Amino acid sequence: MKFPQCAVDTRCIIEPIREYCRRSNAKHAIFYEAECLHIDEKNNKIKCKRTPQGVYSEKGPWNEFELDYDYLVVATGTQSATFGIPGVKENALFMKVATDGRKLRGRIIDSLESANIPGATDLQSLLHFVVVGGGPTGVECAAELHDFVANEVKEFFPDLADKVSITLIEALPHVLSMFSKSLVEYAEQKFHRDSIDVLTRTLVTKVDETHVYVKNLESGETSKMPYGTLLWASGIATRPVIAELIKNLGEEAGQKSPRALSVDGHMKVLGTRNIFALGDCAFMNLPPTAQVAAQQVACCGFTGKYLGRLIRKGRNAMIGDTKNGTHEFDSYVENAEEFNYNHMGAFAYLGDNAAIADFSTKADAAGGILGTSAGTTTYFLWRSVYFSKLLSFRNRVLLGVNWVFTEIFGRDTSRR
Ligand code: NAD
């Protein structure tokens with residue numbers, strides 16, 4: 001879920017694809033709710049399986065199906081990385097998709113209600129929230145947890161608030177390593193003031209049901225800490241369907257990165273004629289962020305977006321039947337202008353209505369001639385940027401109402 005504010009109601013930020021197709025100029029699009037398991041790039045086919053959501057997706061011969069394609073756009077994103085660390089998959093919660101947010105919410109409420117039962121013991125462990133990974137995901141989650149404790153827990157569980165603790169663990173010397181130095185210092189100092197325990201140069205090596213095992217990378221010392229809720233935000237990993245495609249396509253597709261499909265300036269996967277890739281599953285020497293994906297994206301309704309426009313213009317260039325038309329499409333793509341990324345800056349929320357923004361590009365990252373900003377004004381800027389990125393008017397209204405509602409009544413503490 002690449003939306004900041006894990007506390008927000010997911011209905012405000014989720015856009016039903018079917019609804020979106022109906023409203024935009026992608027009216028002829030056909031949508032199947034299914035997972036692509038295999039891409040047969042030699043025969044131009046994909047194999048899919050109905051995404052298990054309910055009883056009907058568990059049975060029926062229609063559960064698995066194949067589709068032919070002339071051109072394929074791959075935008076599968078990535079999955080949460082666990083680096084094969086024992087116990088992580090079984091015991092940690094993740095923050096990648098909307099359902100992860102709901103699970104975390106349920107777990108937080110569960111730990112508070114359990115700690116509130118008369119005679120409950122070991123409250124310090126039960127109410128210890130450990131976040132692994134000091135990238136933007138981990139930092140924003142720790143900040144949101146802090147806000148929740150400072151507001152709702154203090155109000156609804158006043159006897160428990162001072163027993164809650166938050167620890168953020170990061171293997172590198174600092175959190176938010178992609179931000180300018182001054183902002184990293186600002187973030188670390190703010191977390192220190194907010195009593196979020198930041199353990200840097202600390203690697204998580206193992207997890208079990210009750211403890212996180214860590215190694216201090218400076219001293220080599222190992223230790224373990226009890227936890228009640230473990231949130232894993234250690235980065236992203238390749239989805240199996242993409243890893244298999246890279247392997248099948250051979251060296252060219254994986255030449256720039258073994259973890260994503262290497263694409264050329266037209267978003268075409270290297271070594272292929274008719275496969276395009278974008279977002280986190282494509283490698284273009286750009287960070288795997290929502291901002292990059294949004295500029296590359298294939299949403300036909302948005303004219304400034306690269307691949308959508310390329311495909312639409314390529315299709316307009318096609319004359320005659322589809323078979324001959326593909327040559328015209330290919331030559332249009334070959335001669336088209338290449339994708340040009342326009343970096344608009346990076347934001348991260350730090351809690352208490354404060355955010356940081358880094359508008360420096362890679363070249364000037366040390367100090368940032370384009371500048372940095374931090375504090376409450378940046379927080380409102382951060383909010384308005386994300387607000388403007390929502391795809392529909394409906395969602396903007398829902399989110400606006402949700403924010404006002406939360407300001408007045410506080411966060412919803414029901415499980416849902
Ligand atoms: P990340 O890769 O940016 O950060 C993960 C961190 O986890 C790294 O700093 C790594 O050193 C640490 N780590 C990995 N394994 C560890 C271990 N075993 N023990 C301790 N630390 C460990 O991942 P992310 O934060 O999920 O972000 C993924 C991408 O999404 C990034 O490109 C990021 O910029 C983007 N993103 C941006 C925003 C934003 O702009 N506000 C928010 C969320 C994500």
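**Ligand shell and helix α3**

In this predicted model, a polar side-chain atom of threonine 137 sits 2.8 Å from an oxygen atom of the ligand. The protein covers 82% of the 850 Å² of accessible area that the ligand has on its own. This briefing looks at the ligand, then at helix α3.

**Polar contacts with the ligand**
- Glutamate 140 places a polar side-chain atom 3.2 Å from a nitrogen atom of the ligand.
- Valine 204 uses its backbone: a polar atom there is 3.0 Å from a nitrogen atom of the ligand.

**The shell around the ligand**
- Two elements, α5 and β10 (202-207), each give two or more residues to the shell.
- In total, 24 residues surround the ligand.
- The closest are Thr137, Glu170, Ala171, Val204 and Phe347.
- By type, the shell residues divide into 14 nonpolar, 8 polar and 2 charged.

**Helix α3: its length**
- Helix α3 covers residues 98-115, which makes 18 residues.
- At 1.5 Å a residue, α3 should span 26 Å.
- Its end C-alpha atoms are 26 Å apart, so the span agrees with the expected value.

**Helix α3: its buried side**
- The buried residues of α3 include the nonpolar Ala98, Leu104, Ile108, Ile109, Leu112 and Ala115.
- Asp100 and Arg105, which count as charged, are also buried.
- Gly101, Gly106 and Ser111 are buried too.
- Strands β6 (93-94), β7 (128-132) and β13 (229-232) are among the elements that cover these buried residues.
- Helices α4 (123-126) and α5 (136-156) also help to cover them.
- Helix α5 thus appears twice: it covers buried residues of α3, and it gives residues to the ligand shell.

Notes
Residues numbered from 1 in each chain as written. Predicted model: local features only at pLDDT ≥ 70, side-chain atom pairs only at ≥ 80, totals over all residues. Heavy atoms only, no water. Helix = DSSP H or I, 4+ residues; strand = E, 2+ residues; numbered from the N terminus. Expected span 1.5 Å × (residues − 1). Buried < 20%, exposed > 50% of the residue type's maximum accessible area, 1.4 Å probe, protein only. Contact = heavy atoms within 4.5 Å. Near = heavy atom within 4 Å. Polar contact = N/O pair within 3.5 Å; in protein donor to acceptor, adjacent residues only side chain to side chain. Areas by Shrake-Rupley, 256 points an atom, 1.4 Å probe, with all protein chains shown as cover.
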